[in-house]
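Visitor: Could you walk me through this one? I'd like to start with where the ligand goes.

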Amino acid sequence: MAPIPVVASVEREPVPEGLRKAMVQRIAQLGVKDRIVLDAMLSIPRHAFLEPGMVGQAYIDASLPIGHHQTISQPYIVARMIELMRAGKDLDRVLEVGTGCGYQAAVLSLVSKEVFSIERIRALHDLAKSNLRPLRIANIRLHYGDGCGGLKLIAPFDGIILAAAGIEIPEELLQQLKIGGRLVAPVGGKRQILQLIERISQTEWRSTEIEQCHFVPLRSGVT
Ligand code: SAH
């Protein structure tokens, strides 16, 4: 008897694709409308960014540990931040501060021509490299360093996302945003608010508070 195709595909992927669809449906129910972002979330295998022991939880809508006291962000907030940054536009160049395991960078690679992502913990920078390698994504550049300084030589960026919460948004990152560009960042300590910053002119930025959120802290220096 010929093998049943559904079983074959489940064997190839340790996690059934239906779980990823259900995750994206939940993100849409929570209010994310941008089809390009939802499709990107559907394409990237989140389980490929987790340790084998965590794979079973890959498609629940929660942040999960990735070691070094850091987490892979909650899928809903990843999608929401990218939707806010994109505002329906095609992007040429975006910066992510806080690569972690590389998941959000992979999602970003489907909405922007070029993605630059900085991580301050060497072991996580290396982990992201090895997680991303088998996916063969050509438009991501990973940098090891303190992301608070951005990437001066590559700026300006159409969009910037911070995956860690600072008490304030580093001035250098505001300066590296294109005029008309958008930065999305969690801001605060114990209580954090997701902020959207739009650069209006050389000297003006408009800030909008979006919703409460919970991220690991933004730290300076490298380790
Ligand atoms: N983008 C990740 C989330 C990683 S958690 C995802 O796809 O799920 C946030 C990461 O930000 C952590 O790995 C932490 O080490 C890193 N981080 C914190 N402060 C930083 C800084 N100043 N520069 C670069 N990375 C930083």
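Guide: A term is needed before that: on a 1 Å grid over the protein atoms alone, a pocket is an open set of points with protein on both sides within 12 Å along at least five of seven lines, points being places where a 1.4 Å probe fits. A molecule sits in a pocket if more than half of its atoms lie within 2 Å of its grid points. This is a predicted model, in which local features need pLDDT of at least 70 and side-chain atom pairs count only at pLDDT 80 or more, while totals for chains, interfaces and linings use all residues. Residues are numbered from 1 along each chain as its sequence is written, and side-chain values use heavy atoms, with hydrogens and water left out.

Visitor: OK, so where does the ligand sit?

Guide: The ligand sits in the largest pocket.

Visitor: How many residues surround it?

Guide: Counting residues with a heavy atom within 4 Å of the ligand, 26 surround it, and the closest are Ser73, Glu96, Glu119, Gly147 and Arg219.

Visitor: And what's the mix by class?

Guide: The shell has 12 nonpolar, 9 polar and 5 charged residues, where Ala, Val, Leu, Ile, Met, Phe, Trp, Tyr, Cys and Pro count as nonpolar, Asp, Glu, Lys and Arg as charged, and the others, Gly among them, as polar.

Visitor: Which strand or helix gives the most to that shell?

Guide: Strand β2 does, with 3 residues; helices (H or I, at least four residues) and strands (E, at least two) are DSSP runs, numbered from the N terminus.

Visitor: What does the side chain of glutamate 119 do at the ligand?

Guide: An N or O atom of the glutamate 119 side chain is 2.6 Å from a ligand oxygen atom, a polar contact being a pair of N or O atoms within 3.5 Å. From the backbone, serine 73 places a polar atom 2.7 Å from an oxygen atom of the ligand, and glutamine 104 has an N or O atom 2.8 Å from one.

Visitor: Switching topic, which peptide bond is cis?

Guide: The bond from alanine 155 to proline 156 is cis, with omega near 10°, and proline 156 is in the loop between β5 (140-144) and β6 (157-162).

Visitor: And what is phi of histidine 68?

Guide: Phi of histidine 68 is near 60°, a positive value in a residue other than glycine, and histidine 68 is placed in the loop between β1 and β2.

Methods
A polar contact is a pair of N or O atoms within 3.5 Å; within protein, one must be able to donate a hydrogen and the other to accept it, and residues adjacent in sequence count only if both atoms are side-chain atoms. On a 1 Å grid over the protein atoms alone, a cavity is a set of points where a 1.4 Å probe fits but cannot get out, and a pocket is an open set with protein on both sides within 12 Å along at least five of seven lines; lining residues have an atom within 4 Å of a point.
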